[in-house]
Amino acid sequence: MNTIEKALQKSGRNPWSAAQPAERGSLECGPGAKPGKVAPSLASSAMREGSEVHVLDVERMQAQGLLTPEDTRSALAEEFRMIKRPIINNAFGARPDLIRSGNLVMMTSALPGEGKSFCTINLALSITHEVNRTVLLVDADVARPAIPGYLGIQADIGLLDVLGDEDIDLADVIIRTDIPNLSIVTAGTTRGRSTELLASEAMAQLTTEMAQRYPDRIVLFDSPPLLATSEASALAAHMGQIIFVVEAERVPQDAVRRALEQLKSCDVVLTLLNKARHVPGIDYGYGYGYGNNKS
Ligand SMILES: Nc1ncnc2c1ncn2[C@@H]1O[C@H](COP(=O)(O)OP(=O)(O)OP(=O)(O)O)[C@@H](O)[C@H]1O
Ligand SMILES: [Mg+2]
């Protein structure tokens with residue numbers, strides 16, 4: 001049993017055995033898949049919902065090792081195809097009433113740099129290939145927003161502005177993209193009291209609106225690391241599903257255990273083992289587990 005499995009077991013979550021077979025997946029990323037750094041210059045200005053469509057910077061996405069809109073056949077595409085399935089089933093399955101706001105999904109981790117933003121974007125792109133599903137990708141890492149840099153977009157207002165200014169609505173900050181079923185909300189203007197805003201009644205109302213306005217929509221939140229800020233656990237309280245990313249062979253067992261403690265009140269927590277080395281012949285790649293606090 002590896003470090004992560006031990007920590008998850010200690011905290012009452014087993015990343016593998018809790019999963020139903022159909023709800024597991026595994027991911028592998030080949031050597032050299034690690035994305036390179038990209039110059040910080042940003043592409044065109046953001047386009048708002050109802051206005052012009054923003055064209056995603058596919059070259060930039062490719063350079064960073066991300067999935068691209070046309071990529072449906074690569075190993076990475078296949079991996080995220082398996083990752084998305086239990087999330088979609090939880091959100092829209094035969095008994096959606098079992099999971100409250102199951103279409104609100106947050107990606108988090110214990111420590112910085114474990115791959116939250118990378119996995120959030122890939123998951124969003126993978127879900128856009130589903131028939132009759134739309135994705136709203138929300139950059140809720142308000143202190144260190146990464147989505148604009150990954151996708152080459154820029155926006156002056158976003159999530160924090162909706163929460164902090166009653167004259168700004170959700171519709172005002174939704175950016176449409178050239179993928180018809182993908183829209184984006186950026187983090188918005190940094191404010192000192194961002195944790196309080198994310199924990200506020202305004203956030204509760206906003207997430208309810210996000211969850212209910214379009215019943216076919218999955219809202220995916222990229223978030224900060226649990227042990228580095230208080231914002232992630234404030235956000236988690238509003239979510240129907242949490243995906244807990246664990247970077248293989250780096251994160252101490254105690255960090256995983258302490259981070260999972262913060263998610264105790266969340267009904268559904270899925271674990272995703274990221275950046276695992278792939279040894280040929282051994283199924284040891286990217287792992288994905290499933291835990292349901294309700295069970
Ligand atoms: N599966 C993967 N394969 C290759 N590279 C990856 C993978 N996951 C993440 N990376 C790379 O690791 C680095 C950190 O990833 P990312 O920005 O997603 O981390 P993060 O958890 O969002 O960090 P932060 O806590 O700072 O927000 C990036 O360079 C990213 O491209
Ligand atoms: Mg990030």
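# A guided tour of the predicted model

Begin by colouring the whole chain by confidence: this is a predicted model, and the protein averages a pLDDT of 81, with 76% of the residues scoring at least 70. Select residues 1-48, where the pLDDT is below 50, although in the model this stretch has 97 contacts beyond near neighbours in sequence. Then select residues 282-295, where the pLDDT is again below 50 and where the model shows 53 contacts beyond near neighbours in sequence. Where pLDDT is low, the predicted coordinates should not be read in detail.

With those two stretches dimmed, switch to a cartoon of the protein, which has 11 helices and 9 strands. Buried residues make up 47% of its 295 residues, and among contacts between residues at least 6 apart in sequence, 78% join residues at least 24 apart.

Next, select strand β3, residues 134-139, and show its side chains. Of its 6 residues, 5 are buried, so the strand is largely enclosed by the rest of the structure. Which strands lie alongside it? On the one hand, β3 is joined by 6 bridges to strand β6, residues 217-222, and the two run parallel; to find this pairing on screen, pick D139, whose bridge partner in β6 is D222. On the other hand, β3 pairs with strand β5, residues 182-185, over 4 bridges, also in the parallel sense, and here V135 is the residue to pick, since it stands opposite L182 in β5.

From the strands, move to the largest nonpolar core, which has 76 residues, and select V105, V219, L220, I242 and F244, the members that touch the most others. Helix α4, residues 116-128, supplies the largest share of this core, with 7 residues. Now centre the view on V219 and display its surroundings: leaving aside residues up to four places away in sequence, V219 touches N103, L104, V105, L136, V138, M210 and A211.

Finish at helix α11, residues 253-261, and turn the view until you look along the helix axis. Which of its residues are buried? They are A255, V256, A259 and L260. Seen down the axis of α11, these buried residues fall within an arc of 130°, so they line one face of the helix. Add D254 and E261 to the selection to see the other side of α11, where both of these residues are exposed.

Terms used: Residues are numbered from 1 along each chain as its sequence is written. Chains are lettered from A and ligands numbered from 1 in the order in which they are written. This is a predicted model: local features need pLDDT of at least 70, side-chain atom pairs count only at pLDDT 80 or more; totals for chains, interfaces and linings use all residues. A nonpolar core is a set of buried Ala, Val, Leu, Ile, Met, Phe, Trp, Tyr and Cys residues joined through C-beta atoms within 7 Å. A residue is buried if 20 or more other C-beta atoms lie within 10 Å of its own, exposed if 12 or fewer, and partly exposed in between; C-beta atoms are placed from the backbone. Two residues are in contact if their C-beta atoms, placed from the backbone, lie within 7 Å. Two strands pair if DSSP finds at least two bridges between them. pLDDT is the predictor's confidence in each residue, from 0 to 100. The arc is that of the directions from the helix axis to the C-beta atoms.
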